Amino acid sequence: MVRKPASMYRQIKGQAYTRREYMGGVPASRVSQYEMGNLREDFPVVLTLRVKNRVQIRHTSIEAGRIAANKVLNGQIGVANYHMTVRAYPHVVLRENKLATGAGADRVSSGMRQGFGKTVGTAARLERNQAILTVRVPAEKAVIAKDALWRASMKFPSPCYIDVEKGQELIL
């Protein structure tokens with residue numbers, strides 16, 4: 001997997017590298033589910049977690065945020081009383097030019113010459129104010145849903161804010 005820190009992949013640089021049919025061996029996305037909870041019921045309050053900055057978020061970070069929010073929602077609200085959706089999909093393939101280290105590495109590695117790199121993971125490119133997670137809950141559970149989204153925001157590389165899209169008058 002990736003040996004370099006996530007901060008190297010945070011900024012959006014260059015053209016997106018997404019054509020998987022031309023690449024050999026792209027690692028699978030770690031995001032296991034995109035919709036959780038009660039998928040059938042229509043809840044009155046809709047809360048969305050949005051990023052403040054233009055950023056690239058790795059698939060492992062999206063999965064960590066999903067798990068953090070889902071744990072709070074499952075434990076405090078119950079599986080039948082919410083519907084959470086992951087709105088960001090990791091399309092962009094990340095590459096890393098792995099350099100050989102140790103004895104004899106100078107004969108094996110050519111440094112940064114023609115440093116294209118091998119695929120090491122995927123990421124989602126998000127523009128300012130783009131949604132990452134959306135939670136639908138009953139009005140009396142909105143405070144718990146806000147806490148769940150706040151905990152998920154700690155897993156992402158950009159500052160985030162919670163937008164109440166529907167049911168704002170029910171919360172107050």
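A pocket is here an open set of grid points, on a 1 Å grid over the protein atoms alone, with protein on both sides within 12 Å along at least five of seven lines. In the predicted model described in this passage, the largest pocket holds about 460 Å³ of space. Its lining is made up of 21 residues, among which Met 8, Tyr 9, Lys 13, Leu 94 and Arg 95 lie nearest the centre of the pocket. Strand β5, which covers residues 92-96, gives the most to this lining, with five residues. When the lining of the largest pocket is divided by class, ten residues are nonpolar, six are polar and five are charged.

With regard to the overall architecture, the secondary structure of the protein consists of four helices and eight strands. Read from the N terminus on, these elements follow the order β-β-β-α-β-β-α-β-β-α-β-α. The protein has 172 residues, of which 41% are buried, and it exposes about 10,000 Å², with carbon and sulfur atoms supplying 48% of that area. Among contacts between residues at least 6 apart in sequence, 88% join residues that are at least 24 apart.

The largest nonpolar core contains 31 residues, and the members that touch the most other members are Ile 57, Leu 73, Ile 132, Leu 133 and Phe 156. Two or more residues are given to this core by each of several elements, namely the strands β2 (45-51), β3 (55-58), β4 (83-86), β6 (118-126), β7 (131-137) and β8 (160-166), together with the helices α1 (59-76) and α3 (142-153). The largest share of the core, five residues, comes from α3. For Ile 57, once its neighbours within four places in sequence are left aside, the contacts are with Val 51, Ile 62, Ala 123, Ala 124, Leu 126, Ile 132, Phe 156 and Pro 157.

Leu 126, one of the residues in contact with Ile 57, is placed in strand β6. Because its relative accessible area is 1%, Leu 126 counts as buried, the cut-off for that class being under 20%. Residues up to four places away in sequence not being counted, Leu 126 touches Ile 12, Val 51, Asn 53, Arg 54, Val 55, Ile 57, Ala 88, Ala 131 and Ile 132. One of these residues, Val 55, is 71 residues away from Leu 126 along the chain, yet the C-alpha atoms of the two are separated by 5.4 Å.

Two further buried residues carry polar or charged side chains. Asn 70, found in helix α1, has a relative accessible area of 13% and is therefore classed as buried. Its contacts, apart from residues up to four places away in sequence, are with Met 36, Tyr 82 and Met 84. Arg 50, which belongs to strand β2, is likewise buried, with a relative accessible area of 16%. Beyond its neighbours up to four places away in sequence, Arg 50 touches Asn 129, Gln 130, Ala 131, Pro 159, Cys 160, Tyr 161, Asp 163 and Glu 165. Arg 50 and Thr 134 are 84 residues apart along the chain, and a distance of 9.0 Å separates their C-alpha atoms.

Asn 129, which is among the residues touched by Arg 50, is placed in the loop between β6 and β7. With a relative accessibility of 42%, Asn 129 counts as partly exposed. Most residues other than glycine have a negative phi. The phi of Asn 129, in contrast, is positive, with a value near 65 degrees.

Two residues in the segment before β1 may be considered together, namely Arg 20 and Ser 29. Arg 20 is partly exposed, with a relative accessible area of 34%, and Ser 29 is also partly exposed, with a value of 27%. When neighbours within four places in sequence are left aside, Arg 20 is in contact with Val 26, Pro 27, Pro 90, His 91, Val 93 and Thr 122. Ser 29, with residues up to four places away in sequence not counted, touches Tyr 34, His 59, Pro 90 and Thr 122. Pro 90 and Thr 122 thus appear in the contacts of Arg 20 and in those of Ser 29. From C-alpha to C-alpha, Arg 20 lies 9.4 Å from Val 92, a residue 72 places apart from it in sequence, while Ser 29 lies 7.4 Å from Gly 121, at a sequence separation of 92 residues.

Technical notes: Residues are numbered from 1 along each chain as its sequence is written. This is a predicted model: local features need pLDDT of at least 70, side-chain atom pairs count only at pLDDT 80 or more; totals for chains, interfaces and linings use all residues. Side-chain values use heavy atoms; hydrogens and water are left out. On a 1 Å grid over the protein atoms alone, a cavity is a set of points where a 1.4 Å probe fits but cannot get out, and a pocket is an open set with protein on both sides within 12 Å along at least five of seven lines; lining residues have an atom within 4 Å of a point. Grid points are joined across faces, edges and corners, and a volume is the space filled by probe spheres set on the points. Buried means under 20% relative accessible area, exposed over 50%, partly exposed in between (1.4 Å probe, protein chains only). Contact means heavy atoms within 4.5 Å. Accessible areas come from the Shrake-Rupley method with a 1.4 Å probe; for residues, only the protein chains shown count as cover. A nonpolar core is a set of buried Ala, Val, Leu, Ile, Met, Phe, Trp, Tyr and Cys residues joined through side-chain atoms within 4.5 Å.
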